[in-house]
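Visitor: I would love a close look at one part of this model. Could you take me through a strand and the residues around it?

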Amino acid sequence: MSEAKRKNYFKTQNQKQRKRSFLEPGLKGFLATCNFREKDCVRECYNILNQYSEDPDDNTKAAQASQEDKSEEEKANVSEEDEEEDISKALEKDVATEKQKNQRKSYKFSVVDTGVNNCVFISTSLEDPVGLGVKIVRDIAETKLQKSRFLLRLIPIEAVCRANVKEISDAVGALCDKYLLNQPKSFSIIFNKRYNNAISRDDTIKELADIVTSKNPGNRVNLSEPEVSVIVEVIKGLCCVSILPDYLKLKKYNLVELVGASKADAAKKDQKDDKDSVDLPKADETDQQNSEDPVKE
């Protein structure tokens with residue numbers, strides 16, 4: 001390899017490393033799991049998230065904006081016939097339009113490197129990732145339509161913090177003020193960790209359970225059918241935290257199992273209906289049988 005090619009190779013590699021984003025505290029988004037095929041998993045994440053995050057009102061707003069731009073252009077053309085527009089104003093208009101275009105092109109979702117195989121994090125600029133995630137899993141559970149092949153679980157994450165008991169407790173406490181303060185609910189704590197042996201599972205769960213019950217005395221532990229689940233996903237030195245409704249009921253937000261479970265439930269229901277339905281004899285047959293029976297005196 002020549003010297004010029006070697007320099008270009010290392011230059012492109014450094015540029016790729018600079019462009020990569022890593023998981024860090026303060027992010028929010030979606031934690032996705034897969035079985036290998038991470039690139040395909042990321043592609044499916046983008047497709048599903050963009051599909052469900054589209055607002056039908058955006059099209060009408062865009063049409064209204066284009067209509068306003070056209071009317072402004074027509075007014076500008078009319079005014080140009082009478083008086084030449086100031087150059088500085090024209091430049092300001094161009095800069096404003098360019099900013100609007102760049103804002104429209106800004107991405108809602110971007111992949112973040114977690115440093116763990118088969119575990120992808122999609123950061124988002126949306127204010128409510130939980131609302132979008134719940135919308136996705138409930139729609140898949142109701143429609144029974146398979147949306148992914150490589151993407152397994154899609155877990156909305158509201159907070160990313162350092163993987164120590166204090167910061168995890170602070171993050172969970174803030175989310176409890178949002179979801180579990182006013183109305184009592186049954187809850188469970190789901191704790192998973194990857195490449196981290198420093199934090200204790202039992203101590204963390206006990207601490208978080210005390211926090212949840214202290215927010216509202218009516219909050220009760222229910223490990224079988226909880227209304228909400230406190231999600232704690234430790235990944236190396238960081239922790240992803242969220243509070244999700246119907247987590248166990250919705251198959252731990254596993255998109256593939258949601259479709260399979262829905263089909264299995266439908267098959268069981270059909271079998272039950274077949275057992276409950278009894279083939280009754282026709283009226284003609286019953287009359288014929290009654291006429292043939294001898295009458296005993």
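Guide: Happily; here is a walk from one strand to its partners, then to a phenylalanine and a serine, with a pair of rings at the end. Please keep in mind that this is a predicted model, in which local features need pLDDT of at least 70, side-chain atom pairs count only at pLDDT 80 or more, and totals for chains, interfaces and linings use all residues. Residues are numbered from 1 along each chain as its sequence is written, and side-chain values use heavy atoms, with hydrogens and water left out.

Let us start with strand E1, residues 29–34. Strands (E, at least two residues) and helices (H or I, at least four) are DSSP runs, numbered from the N terminus. Of the 6 residues of E1, 6 are buried, so the strand is largely enclosed by the rest of the structure. Here buried means under 20% relative accessible area, with exposed over 50% and partly exposed in between (1.4 Å probe, protein chains only).

E1 has pairing partners, where two strands pair if DSSP finds at least two bridges between them. Strand E3 (residues 119–124) runs antiparallel to E1 and is joined to it by 5 bridges; in this pairing Phe 30 faces Ile 122 of E3. Strand E4 (residues 151–157) is likewise antiparallel to E1, with 5 bridges between them, and there Leu 31 sits opposite Ile 155.

Phe 30 leads us on to Phe 109, which belongs to strand E2 (residues 109–112). The two are 79 residues apart in sequence, while their C-alpha atoms are 9.4 Å apart in space. Phe 109 has 6% relative accessibility and therefore counts as buried. Setting aside residues up to four places away in sequence, its contacts (heavy atoms within 4.5 Å) include Phe 30, Ile 122, Tyr 46, Leu 49 and Ser 53.

Ser 53 lies in helix H2 (residues 38–53) and, at 14% relative accessibility, is buried too. A polar atom of the Ser 53 side chain is 2.7 Å from the backbone oxygen of Leu 49. Beyond its neighbours within four places in sequence, Ser 53 touches Lys 108, Phe 109, Leu 126 and Leu 132.

Finally, the rings. Rings of Phe, Tyr and Trp (its six-membered ring) pair if their centres lie within 6.5 Å; planes under 30 degrees apart count as stacked, over 60 as edge-to-face and the rest as tilted. That rule gives 2 aromatic pairs. In one of them, the ring centres of Tyr 247 and Tyr 253 are 5.4 Å apart and the planes stand at 45°, so this pair is tilted. Tyr 247 and Tyr 253 are both buried.

Conventions. Polar contact = N/O pair within 3.5 Å; in protein donor to acceptor, adjacent residues only side chain to side chain.
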